[in-house]
Amino acid sequence: MADTLRGWGCIEPLLLLLLLETLWGAGAGPIRYSVLEELDKGSFVGSIAKDLGLEPQELAERGVRIVSRGRTRLFSLNPRSGSLVTAGRIDREELCAQSARCVVSFNILLENNMKIYGVEIEIIDINDNFPRFRDEDVKVKVNENAATGTRLALPFARDADVSMNSLQSYKLSPNMHFSLEQKSGTDGQKYPELVLERPLDREKVAVHDLLLTALDGGDPILSSSMHIHVVVLDSNDNAPLFTQSEYRVTVPENIPVGSRLLTLTATDPDEGVNGELTYSFRNEEDKISETFQLDSSLGEILTLQSLDYEESRFYLMEVVAQDGGALLASAKVLVTVQDVNDNVPEVILTSLASSVSEDCPPGTAIALFSVHDGDSGENGEIVCSIPRNLPFKLEKSVDNYYHLLTTKALDREEISDYNITITVIDSGNPPLSTESHISLNVADINDNPPVFPHTSYSTYILENNPRAISILSVTAHDPDSGNNAKITYSLAEDMFQGMSLSTYVFINSNTGILYALGSFDYEQVKDLQLWVMASDSGDPPLSSNMSLSLFVLDQNDNAPEILYPSIPTDGSTGVELAPRSAEPGYLVTKVVAVDRDSGQNAWLSYHLLKVSEPGLFTVGLHTGEVRTARALLDRDALKQSLVVVVQDHGQPPLSATVTLTVAVADSIPDVLADLDSLKPSSYADDSSLTLYLVVAVAIVSCVFLAFVIVLLALRLRRWHSSSQLQASGSRLAGMPTSHFVGVDGVRAFLQTYSHEVSLTADSRNSHMIFPQPNYADTLISQESCGKSEPPLISEKINVNEELGVVQQAPPNTDWRFSQAQRPGTSGSQNGDETGTWPNNQFDTEMLQAMILASASEAADGGSTLGGGAGTMGLSARYGPQFTLQHVPDYRQNVYIPGSNATLTNAAGKRDGKAPTGGNGNKKKSGKKEKK
């Protein structure tokens, strides 16, 4: 048998070429192929790409695939070659049983355009099945008195193949009593029968053993055999007989299990055992024995399981009635199953677009599906529908396929997803229906820009805010979804005071919270105008903007600043002069202060915090003018100390203090004589000492110690030089000590001298020239000079040559400062000359020293305060008019009453002399000593 199969494999390619054919009519029907059964997996069936008019590589690009329903995939597509191949070994007998023609139908789907094509493939039978008997051994009983020509029915063989490959003939082993004949039934089945050729004699041979062989018509021929045991019985000359040769019955498929279908009736005229009949199925299939039951005594046929019209529409069986004498008769039974509407329609989704863009045009395909009903006739007629209020429609395609299409433009912002219900109903009675749900998501496109609730906003922030504090949160809304609704916030680029706005504020791009990058100062920034932009992340992105006004609110964070009198930096105390002849209300000086805040925070008031003699002075509450409250008396001390506090009206209020020292005297010499009692007043609280003060004291101490050491070294050196001069007998005239005036730690050198000295060792002829004195008068604080030194030369030095000594004239006490000559901003303005107020504390101190030096010159009668010959050039340096040019313009914050003050040449006007330029100094010659 294996050799025959190998022989079949040799001619297989030839048969394949002969049997394969492609019947393709352009647009006339399905694509048809034929293929042999039992081919290996991947065997060529047909060129589907060629028949579809495509190139092989286009199969994958267009999404070509096989769509089949309710059965195992038998074929597949080869994307490389574009051909249709077998997906496995195909058994024709399993697919189509004994059908004369076996055709497998399926569809080919082009995914890109949702087109579908029908394909039919005929499975060609090969001789791969042997004829088979149900039993290998059977017993046949025959009456010994059976006449010659008696026929005995034998079990027939079955061959699963068809046509020439099916069962063709039987062959009986040689014997003397029996021959073989075969009959063909209406169904094409061949039935073997034994024909008695010679009379039997049971006493000679009781059992005859025969071999029956069944042969098919294939190439090679396949066969099988069955052993027949013919048992010879006693005579029984009457055989059973059925009332009909064929019984037909029609039953509905929903008949209950166990129902009786029909009753078979056969008769036998014999009596006794030979007349008792037994009913049985002959040559029944497994399906028959599993579905039906035959009562062997009554001949009733019952159902063992439910019938299914869709599985089998009819059943054909053979029933045998046999008597006790081994005579039998047979009859055919045909059971036809009637269809009832018991199958619900099915919806099979073939292709589905899970989402569709909202800008898709009408007629866009959403889904492709097929419907099926297992019933037949009206029970299998199907109607599909969807709700009418949806923007979709159904369009029928080939076979039972439908397209789901859009009917109008979609808007995701109105409806973002659809739940489409497809209802399928048949025409049975009662009708059966089913529903299938399709969920469709509408994909968003960026067709909506972000929108702010308002086009403009205003917000406020206090100055001196912490860094990175949040100011305001802005929010925009975008009705789109996904990235199209993801909003990013930003600030429009702009400049403010020469700097980018991004240096002042920052906005979180995700949350829209606006932060201050630094601390705002109302005095520098009062408001900011911003443009906030909101942009989505779509492609292309859409954006909108809104205006934001940020106003900075003022806080009382600036203490008043005292412009005049300025506080010295070297530790000395500024001195204001008040003549003893001053009347009540006399303007001594004016405290000038400003506050950089605004509004109520910049309203200033002036108060006396502490005075050395209460009731002597008053200060204007709003003007800051310090005036005498009463006339000055002789008993009033020369030095009067006043502490003026300047306070604003903020919450909490801030303040600043200034200490004024007022010298009560009618003339400068009086001041110089009593300056020993003027000491700086200190009203600072001990608690105000800080680390900086400690460090400053330490540095001053170190400097003072170094100064003492240097001073001692110089004294030793000078002492050593003096000793050498005394040893050589030199005699020099001493300088009178009246040229030095001590003022309680403040030493004023009122006169400087230029000396030209010629000294030789061991010589008494020394030469010293005293030129005309040069006045460079200064007032030096105690910290600057320390203790006063003795004169450089304490003894008179005798010289050989005549020396001219210039004697200092007694001081002239007849001078006064007029009201217009007071430092400050409250005096009246006289004179035509213009000048500037001293720019710093050092210039102020120099001015005070020059006043004292000028007083000394006035005592000599050689100069006046107005800047004549011999003066320090006050008018030349500053001019008679003092202005606050170095003070920032705070007129928008505070009102400063009063007017600019000037220093005028009162003495010159009194004497009727016009001021003259120059300082009257003579040229200096020779070597100069340090002052």
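**Notes on salt bridges, a disulfide and sheets in this predicted model**

1. Arg-282 and Glu-318 form a salt bridge whose closest N and O atoms are 2.3 Å apart. Arg-282 sits in the loop between β19 (278-281) and α5 (286-291), while Glu-318 belongs to strand β22 (residues 314-322), so this pair ties together parts that are 36 residues apart in sequence. Glu-318 is buried, with a relative accessible area of 8%. Please keep in mind as you read on that this is a predicted model.

2. A second pair to look at is Asp-444 with Arg-412, a salt bridge with its closest N and O atoms 3.0 Å apart. Here too distant parts of the chain are linked: Asp-444 is in the loop between β31 (433-443) and β32 (456-462), and Arg-412 is in the loop between β29 (401-406) and β30 (417-426), 32 residues apart. Are these two residues, Asp-444 and Arg-412, buried or exposed? Both of them are buried.

3. Arg-248 and Glu-246 offer another salt bridge, with 3.1 Å between the closest N and O atoms. Arg-248 has a relative accessible area of 61%, so the residue counts as exposed, the cut-off being over 50%. Glu-246 has 33% relative accessibility and counts as partly exposed.

4. Some salt bridges join up. Arg-151, Glu-181, Lys-183 and Glu-193 are linked in a network of them. How many salt bridges does the count come to? The count is 20 salt bridges.

5. On to the cysteines. The count of disulfides comes to one, and Cys-96 and Cys-102 form a disulfide with their sulfur atoms 1.8 Å apart. The link of Cys-96 and Cys-102 is right-handed, with 60 degrees about the S-S bond. Cys-96 is buried at 15% relative accessibility, and Cys-102 is buried with a relative accessible area of 1%.

6. If you are thinking about cysteine accessibility, two further residues may be of interest. Cys-360 is buried, its relative accessible area being 8%. Cys-384 has 15% relative accessibility, which means that this residue is buried too, since the cut-off is under 20%.

7. Now the sheets. As a reminder, strands of a sheet pair through backbone hydrogen bonds, either parallel or antiparallel. One open sheet has three strands in the order β17-β21-β20, with antiparallel pairing. Its edges are β17 (260-263) and β20 (292-294), each with a single partner strand, so one side of each has no neighbour in the sheet. From one strand to the next, the twist averages 20 degrees. Within this sheet, β20 pairs with strand β21 (residues 300-303) over three bridges in the antiparallel sense. Which residue of β21 is the bridge partner of Gln-293? That partner is Leu-302.

8. Another open sheet has four strands, in the order β24-β26-β29-β28, and its pairing is antiparallel. Why does one side of β24 and of β28 lack a neighbour in the sheet? β24 (346-352) and β28 (392-396) stand at the edges and each has a single partner strand, so one side is left without a neighbour. On average, and ignoring direction, neighbouring strands of this sheet are turned by 30 degrees against each other. β24 pairs with strand β26 (residues 365-372) in the antiparallel sense over six bridges, and Val-347 has Val-371 in β26 as its bridge partner.

9. Strand β40 (residues 543-553) is worth tracing on screen, as parallel and antiparallel pairings both come up here. With β32, strand β40 runs parallel, and seven bridges join the two. In that pairing, the bridge partner of Thr-459 is Leu-550 in β40. With strand β39 (residues 527-535), β40 runs antiparallel, joined by nine bridges. Trp-531 stands opposite Ser-547 in β40.

10. Finally, have a look at the surface. Leu-691, Val-694, Val-695, Ile-699 and Val-703 make a nonpolar patch of about 480 Å². One of these residues, Leu-691, is found in helix α7 (residues 691-727). Leu-691 is exposed, with a relative accessible area of 64%; a residue needs over 30% to be part of such a patch, so Leu-691 meets that requirement.

Conventions. Residues numbered from 1 in each chain as written. Predicted model: local features only at pLDDT ≥ 70, side-chain atom pairs only at ≥ 80, totals over all residues. Heavy atoms only, no water. Patch = residues over 30% accessible without salt bridge, like charges linked within 9 Å, V, L, I, M, F, W, Y side chains within 5 Å. Areas by Shrake-Rupley, 256 points an atom, 1.4 Å probe, with all protein chains shown as cover. Salt bridge = Lys/Arg side-chain N within 4 Å of Asp/Glu carboxyl O. Buried < 20%, exposed > 50% of the residue type's maximum accessible area, 1.4 Å probe, protein only. Disulfide = S-S within 2.5 Å. Pairing = 2+ DSSP bridges. Axes fitted to C-alpha atoms, helices over the stretch in contact; angles between N-to-C directions.
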